[in-house]
Structure formats: C-alpha cells, structure tokens
Amino acid sequence: HPEYVAATADDYAHLVRSHDWRLTLGAVKEEARRRGRLEVSVLDVGCGAGAFTAALAASGALLPHEPALLHDDNDEAVPPVPCSFRVDLLDPSPRALRAAAASLVPPLALGELRCASVQDFARAALTSTNDVKADAGSVGSSRGTYDVVWAVHTPSHVPCGVSAGNASSLASFLKSLRDLLRPGGFGFIAAPTNDSHYARFHALYRREFGPGSGFDAARIGDPSRPKPGFNGGDPGRGGANASFGGDQYTASEHVAAALAARGVAFNRVDVSHVTRVNAGDGARLEAYLRGCAGDDAVSLDTMLANPRIGAYLASCRSADGSHYAFPQKTAHITL
C-alpha cells in the first residue's frame, strides 16, 4: 500500500544510516576488483517493494570515494576497474518483484527476478551448482556465490522452528541464506526485537482480532466481512498483498537463538528510533497499522474503539495530539 510505504520510509532511511554501508560495501567492491570482477553480486532476500534498496541508493552510501590506485608487479599504477552491484531480487510475490525492479537505480543494476522462497531458491541453485561441478569432474564447496546477501525485515513471519529439516522453519531459512553466500561474503539480517512496536502491535492485534477472538466470531456471523488473513506484516509489504504469511511473529531474539544453536558466528547491534505518523492523516495511519499487523480486515475506527488496542495507540500519541510516535528497536545481525 503506498501509504504504508510512505509511512515506513523513515524506518528504512534510519536502517541505512545506522550501519556503515559505505565501508562495508567498499570492502566488498575492493575484493571483487582484486579478483578482476566488474560486478558485486547481491541477493535481496524477501525484497518486497524494494524499500531497502531504494533507501540505500538514496543515502549516497553506494557512491564511490576516489579509489586508491592498485599496483602491478613492477609497482606501476594500474587504473581501478569500475565495479557495480548486480542485484538479484528474491520474493514469492510477482507484484513485489516488479515494484522492486522498478526501484533500482545505478550503481544498483537489476539482475534476475526470482519468484520463490529462499529455501526453494537455495535448493535449486545449489543443485544446479553441484551438477555443473559434477559435469566438470570437480569436487568443492556447495556454498553459493553471492558476495552480499541481505534479508531486511524478512524473517519476521518465518515460523521460528528450530529444525532445519522443516522446509519452512526459521532454521531452514537461515541455513538457505548462508548457503547462498560465498565463503567470505557479507550477510546482513535486520529484524525487530520483541520490544519493538512491530512485534508488540502484531501480538496485540492478533489477540484482539485474530482467529478465536470476538471479532472473528462476529465475522463468522456476517460473511460479508473480510476474514483476517495475517498474510505477513513485514515492514515494506503490509496488508493482504504481503509476501510472507503466518500468525507467529519471529523477532531478532529468535534469529539470534537459531544462529547460536547452529554454532554460526555473528555480530548483533540493536538500534532504536521512532516512527512518526501524523494523527490527522487517517488513511496513512490505518495503512501503517494494517501493515504492522499483516492484515487489512480491520478499520482504524475499529482499532481505536478496541479497549486494549485503543489504549496502546493512545499511549503512543504525542502530548499535543498531533502525531503518533511508535518506538522501534531493530537488531542488525551480520554474518
């Protein structure tokens, strides 16, 4: 929903500002140049409408500094090889893929559009890689070849199961993500914490309006009312057109625990900010809250009239009543 995208634009801008992407991607580019490659390969897992890549491009973090000259064996200066980013987009939603593709601007170059889950894509990609190696008579690592893999707010509605054998579990999701990253590549996961607005509101909304609630009972009595779908509330998607589904909200704590359980080394940094929505803009506020809930069956008026959700929203409203301030905390997990 365009109103949801507008309401979350600052979230993505803050996400970009709170990590030194120029330093990180500069190092990746330098490594690619040393290998004589003209492109850095990037996989955007669960790209949604492309809000993260758009914010990254708008930040200027991808604009190169004046590059240092390399030297050959005779210590003579060698002009640097220009290097761009080829971004493959991965999402189960064709609509999201089209929107994300349209959002890419140089130096982000559009690669392949992959309409699949990361688990299915990794399985197919690694099978293809192993087949090629077998044809060539070589034996080697089955790890992927992407220099950078990022999953921004993607894990939020992946079921937080611990078994990698479960094709839809968080453990399987994380294994697939790592399998697609080349050895020495850079992996980045952004996920809200349990005490962020996204996680708290999703849980509260599900309790008040989800299956088994009074709202659900009223809907059953009135077939004309839409059924709560909980089709995923990942920031950047929202509503019934979301790409990922499920009632369980998977927070950064689940991601960190799943990585630790598998002995995966990672760094985690929690960053906080506030999402502000004008109280007078009912359409944007409704779209934003529906996106956070991952469901578009409930109107803003109904949310405000609900005793528990109404009280929560009142606690987020500014003293002068001009806007709502929703406290966010997001973990940046790097692999």
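A cavity, in the sense used here, is a set of grid points where a 1.4 Å probe fits but cannot get out. With that in hand, let's look at this predicted model. A search of the whole structure turns up two cavities of 30 Å³ or more, and the second largest of them has a volume of about 50 Å³.

What lines that second largest cavity? The residues are D11, H14, L15, S18, H153, Y198, V271, H273, T330 and H332. By type they split into three nonpolar, six polar and one charged. As for where they come from, α2, β8 and β9 each give at least two residues to the lining, and α2 has the largest share, with three.

Here are those three elements:

| Element | Residues |
|---|---|
| α2 | 9–17 |
| β8 | 267–278 |
| β9 | 323–334 |

One of the lining residues, H273, deserves a closer look. H273 sits in strand β8. Is H273 buried or exposed? Its relative accessible area is 14%, and the cut-off for buried is under 20%, so H273 counts as buried.

Now for the company H273 keeps. Setting aside neighbours within four places in sequence, H273 is in contact with D11, H14, F326, P327 and Q328. With D11 there is also a side-chain link: a polar contact of 3.0 Å joins the two side chains. D11 and H14, both contacts of H273, turn up again in the lining of the second largest cavity, along with H273 itself.

Note on methods. Residues numbered from 1 in each chain as written. Predicted model: local features only at pLDDT ≥ 70, side-chain atom pairs only at ≥ 80, totals over all residues. Heavy atoms only, no water. Helix = DSSP H or I, 4+ residues; strand = E, 2+ residues; numbered from the N terminus. Buried < 20%, exposed > 50% of the residue type's maximum accessible area, 1.4 Å probe, protein only. Polar contact = N/O pair within 3.5 Å; in protein donor to acceptor, adjacent residues only side chain to side chain. Contact = heavy atoms within 4.5 Å. 1 Å grid on protein atoms, 1.4 Å probe; cavity = no way out; pocket = protein on both sides within 12 Å on 5 of 7 lines; lining within 4 Å. Points joined across faces, edges and corners; volume = space filled by probe spheres on them. Nonpolar A, V, L, I, M, F, W, Y, C, P; charged D, E, K, R; others polar.
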